[in-house]
Amino acid sequence: MVTHGVEVEGPWTHRTVAANGARFHLAESGDGPLVLLLHGFPEFWWAWRHQLPVLAAAGYRVAAMDLRGYAGSDKPPRGYDPFTLSADVAGVVRSLGEPQAVLVGHGWGGFVAWAAAVLQQRTTSAIGVLSMPHPLRLRHALLTDPHQALAAGHLLRFQQPVLPERRLVANEGALVERLMHGWAAPSSGFPDREASARYRRVMAIWPAPHCALEYHRWAVRSIPRADGRRFARRMREPIRVPVLQMHGEMDGAVLPSSAAGSGELVEAPYDWRLLPDVGHFPHEEAPELVSEALLGWLGKVSPPGSA
């Protein structure tokens, strides 16, 4: 039975921490080296419900946070740029009493993980990225690949003022479910009825629809601006922490060809995994496969007992 609210019960503890001038909700489980999980659009911390208990049982302290503007976290009118978002993540790591964490992000959470690997190097020990190219690869694909531009049509539609917010909440969030169905592999069965209900309900927590769309708007509108050019210059710095990059072969939002080649911007150990019969939500469509890959990789970059 689907219950109301953000604090879904399970083998984890809910808490709120202060970081970077805002408050962030997270679900936490386990003890050991810290792994911080960053969700994408249009989800919230619950997207990691499959990985939280598995990683905790393997000897990790795992925290899945609601990003700025989502679910149980603060929803300020500004701060949806990668400089602020990566500072949010670094602040959450410090608020949890840890000097560093492995960041694992999906979608825009993956975008933030890539950014933090450059902008917040002191608190980022390694990054795992699902369904998101390196930011420079993403920008290049959007500008030069008509197939990626077509797949990311929603990104351009989201640039309109006001109307996209209304569409996200219309008919009890029906668009949220349609987007997820369209981006997932047809054979995955995701989202099921429970996932659809939860994501539709939580996206309706105002002003979450506006905040969620601000991620998309910054990514496009910043390209010609000074802040966008500054971010691009910073991201030309090579990634110097280990990277695991996983991408669904049937991703309907971000094409595998856009993500491939991100390793050229990584100087540290880099592991690329293309997942067959998986779409844009690997952690939900193939949770056992993703958890197994994460555990194998974490055992190399941050083994249990190393905290």
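**Figure 1. N20, a partly exposed residue in a loop between two strands.** With a relative accessible area of 39%, N20 falls between buried and exposed, so it counts as partly exposed. This is a predicted model, so keep that in mind for every view that follows. N20 lies in the loop between strand 1 (13–19) and strand 2 (22–29). Look at its backbone too: N20 isn't a glycine, yet its phi is positive, at about 55°. Most residues other than glycine have a negative phi.

**Figure 2. The chain as a whole, for orientation.** Before zooming in further, here's the full picture: the chain has 14 helices and eight strands. Its radius of gyration is 18 Å, close to the 19 Å that the globule rule gives for 307 residues, so the chain is as compact as a globular protein of that length. Along its principal axes, the C-alpha trace spans about 50 × 45 × 40 Å. Of the 307 residues, 59% count as buried. Take the contacts in the chain with a separation of 6 or more: 77% of them come from residues 24 or more positions apart.

**Figure 3. S131 and P133, two buried residues in one loop.** Both sit between strand 6 and helix 4: S131 lies in that loop, and P133 is found there as well, with the strand covering 124–130 and the helix 135–144. What is the relative accessibility of S131? It is 0%, so S131 counts as buried. S131 also has a positive phi, about 65°, although it is not a glycine. P133 is at 0% relative accessibility and therefore counts as buried too.

**Figure 4. The surroundings of P133.** Which residues does P133 touch, leaving aside its neighbours within four places in sequence? The contacts are W114, L138, Q245, V254, S258, A259 and S262. Now find A260: P133 and A260 are 127 residues apart along the chain, but their C-alpha atoms are separated by 7.3 Å.

**Figure 5. Two cis peptide bonds leading into prolines.** Most peptide bonds are trans. The bond from F41 to P42, though, is cis, with omega near 0°. P42 is found in the loop between strand 3 (34–38) and helix 1 (51–57). The other cis bond in this view joins W206 and P207, with omega at about 5°. P207 is found in the loop between helix 9 and helix 10 (208–221).

**Figure 6. Helix 2 crossing helix 3.** Helix 2 takes in residues 82–95 and helix 3 residues 108–119; their axes come within 9 Å and cross at roughly 85°. That angle falls in the range from 65 to 115 degrees, which means helix 2 is roughly perpendicular to helix 3. On the helix 2 side, the contact is made by P82, F83, L85, S86 and V89, and on the helix 3 side by F111, V112, A115, A116 and L119. Sorted by class, this contact has nine nonpolar residues, one polar and no charged ones.

**Figure 7. Helix 3 again, this time with helix 11.** The axes of helix 3 and helix 11 (residues 226–235) come within 9 Å, crossing at roughly 70°. At that angle, helix 3 is roughly perpendicular to helix 11. Helix 3 passes helix 11 in a left-handed crossing. So who meets whom? From helix 3 there are F111, W114, A115, V118 and L119, and from helix 11 there are F231, R234 and M235. By class, the contact has seven nonpolar residues, no polar ones and one charged.

**Figure 8. Helix 8 meeting helix 9.** Here the axes of helix 8 (residues 174–183) and helix 9 (residues 193–203) come within 8 Å and cross at roughly 130°. That makes helix 8 oblique to helix 9. The crossing of helix 8 past helix 9 is right-handed. A174, V176, E177 and M180 in helix 8 touch S196, Y199, R200 and M203 in helix 9. The residues of this contact divide into five nonpolar, one polar and two charged.

**Figure 9. The buried residues of helix 8.** Which residues of helix 8 are buried? They are A174, L175, V176, L179, M180 and W183. These buried residues pack against helix 6 (153–157), helix 7 (163–169) and helix 9.

Terms used. Residues numbered from 1 in each chain as written. Predicted model: local features only at pLDDT ≥ 70, side-chain atom pairs only at ≥ 80, totals over all residues. Heavy atoms only, no water. Axes fitted to C-alpha atoms, helices over the stretch in contact; angles between N-to-C directions. Helix = DSSP H or I, 4+ residues; strand = E, 2+ residues; numbered from the N terminus. Parallel < 35°, antiparallel > 145°, perpendicular 65-115°, else oblique. Left-handed = near helix turned anticlockwise from the far one by under 90°. Contact = heavy atoms within 4.5 Å. Nonpolar A, V, L, I, M, F, W, Y, C, P; charged D, E, K, R; others polar. Buried < 20%, exposed > 50% of the residue type's maximum accessible area, 1.4 Å probe, protein only. Rg over C-alpha atoms; globule rule 2.2 N^0.38 Å.
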